[in-house]
Number of protein chains: 2
Amino acid sequence: MDRKTLIAQIQKKKSFLCVGLDPELSKIPEFLLDTDDPLFEFNKAIIDATKDYCVAYKPNVAFYEALGIKGWQSLQKTLDYIPKDIFTIADAKRGDIGNSSRLYAQTFFQTYNFDSVTVAPYMGNDSVKPFLEFEGKWVILLGLTSNPGAMDFQFQHIVDHHFVYHKVIEKAREWGSADNLMFVIGATHPEKFSEIRRIAPDNFYLVPGIGAQGGDLEGVCRYGFNRDVGLLLNSSRGILYASKGNNFAQRAGEEALFLQRQMEKLMR
Amino acid sequence: MDRKTLIAQIQKKKSFLCVGLDPELSKIPEFLLDTDDPLFEFNKAIIDATKDYCVAYKPNVAFYEALGIKGWQSLQKTLDYIPKDIFTIADAKRGDIGNSSRLYAQTFFQTYNFDSVTVAPYMGNDSVKPFLEFEGKWVILLGLTSNPGAMDFQFQHIVDHHFVYHKVIEKAREWGSADNLMFVIGATHPEKFSEIRRIAPDNFYLVPGIGAQGGDLEGVCRYGFNRDVGLLLNSSRGILYASKGNNFAQRAGEEALFLQRQMEKLMR
């Protein structure tokens, strides 16, 4: 999906919600465990209930990979089930030397047909570029993450720059454009969004950390919006596990609708 | 495999060679393409030919993942085929927020039974620790990588430290010990090994970049050895693709033997 289409979807749905599809066998309603593919059945119900309120789905690959081949099958079926007008993100955080990164890109853009993949920046240029070479596909590069460990390295002061994550965002903008490069910027740092917007005004940001991780939707929008909205706000656990009962999908839909309504207000 | 056993294997075989199992359909001998599982058949022949000269095997997961479910099956079969007295490394470069990293750890330590996995440090403490919590398993954390992109972020000067990669190594040593934490240090920077040894004297280093990437074996050993040897030197392409003909396995064995002989000399 290209940038223009993504922006049109956001305007049409009055939503910049991304739903994280991170199903865990220990957390999904028990009656699903008797089905042939509990992860897919769970995702299917979640997608049916939330698809009108979100513009993106983001399966975190760890949740599927951990189940071995069965997990990858669930991921494939989930991806096939997502409506074609919704942006898809493989949250895989890959990154390796050039020829290996090329294979990871092939995995998520060709073997599976995701629109985008999250990429880890530590190995630099030749670890990121192979992902950017796929026409019509997107890299979502880790910039400032939402977890406590972000303090360890991303917030290191570097000479001539404020922090490591600034340098990552600046450098990466030389490799890709606002048409194929987004950044992960955690909602747990709403006060950082205005300074990051100065470095990367046009790029979309994928923003995890609303809800379970304690991020602040309004603060993020105040400092993070650009003229195209420019944000994809992710919620996973808050939607998926709103209820553990038979009404889990209905409750997930309600949570997604609640977030969409807040977003609609903020977009005015 | 624990540290004591690994060191004993190195002493017994007079080798600290790690063979990278990175098979590509476009590079393996043509006659293997007619078999049911070309990747596994290739690896099997490589393992048979090299197992006496190496102490570790390192499949890079990208090469398997790119083929979808068939690739994961080849990986599983390869892992099952590796003799039990040889250390196994899932070169996966994973890393995510805590609950996702835990699932990645589960993937490689339980779903597949690897001894170790390579981990990317960018997300810090809570992205690395879940891997360290698996008894008897190892994290191999990216420190200073062998690729050109290492210059982009790893070599950034940070305030009060020389470089980002110094900080990564120092910090990580607070999270794990020499019994469960190694570092990736690329052979393309042999002059850096003595300064890194000052920061991390006891840890093993996994050293890629010998051969195809131009690293220097003697320089690496001069500056990188500790009293336990403390190095696992990886060679992938130089061994796997020594020949594209029917004699590929024999030539791979010869290359591995050649490296083992050099290592034996350097260990004296």
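Which residue of chain B comes closest to the rotation axis? B:Ile158 does, with its C-alpha at 2.0 Å. This is a predicted model: local features need pLDDT of at least 70, side-chain atom pairs count only at pLDDT 80 or more, and totals for chains, interfaces and linings use all residues. Residues are numbered from 1 along each chain as its sequence is written, with chains lettered from A and ligands numbered from 1 in the order in which they are written.

**Symmetry**
- A turn of 180° and a shift of 0.0 Å along the axis lay chain B on chain A with an RMSD of 0.0 Å (least squares on C-alpha atoms of residues with pLDDT of at least 70 in both copies).
- The two copies are thus related as by a two-fold rotation axis.

**Interface**
- Chain B gives 47 residues to the contact and chain A gives 46 (contact: C-beta atoms, placed from the backbone, within 7 Å).
- α5(B) provides the largest share of chain B's side, 7 residues (helices are DSSP runs of H or I, at least four residues, numbered from the N terminus).
- Of the interface residues of chain B, 98% are also interface residues in chain A, so the copies meet through the same surface.

**Helix pair α5(B) and α6(B)**
- Their axes come within 8 Å and cross at roughly 30° (lines fitted to C-alpha atoms over the stretch in contact; angles run from 0 to 180 degrees between N-to-C directions).
- α5(B) contributes B:Gly98, B:Ser101, B:Arg102 and B:Ala105 to the contact.
- α6(B) contributes B:Asp126, B:Ser127, B:Pro130 and B:Phe131.

Technical notes: Two residues are in contact if their C-beta atoms, placed from the backbone, lie within 7 Å. Helices (H or I, at least four residues) and strands (E, at least two) are DSSP runs, numbered from the N terminus.
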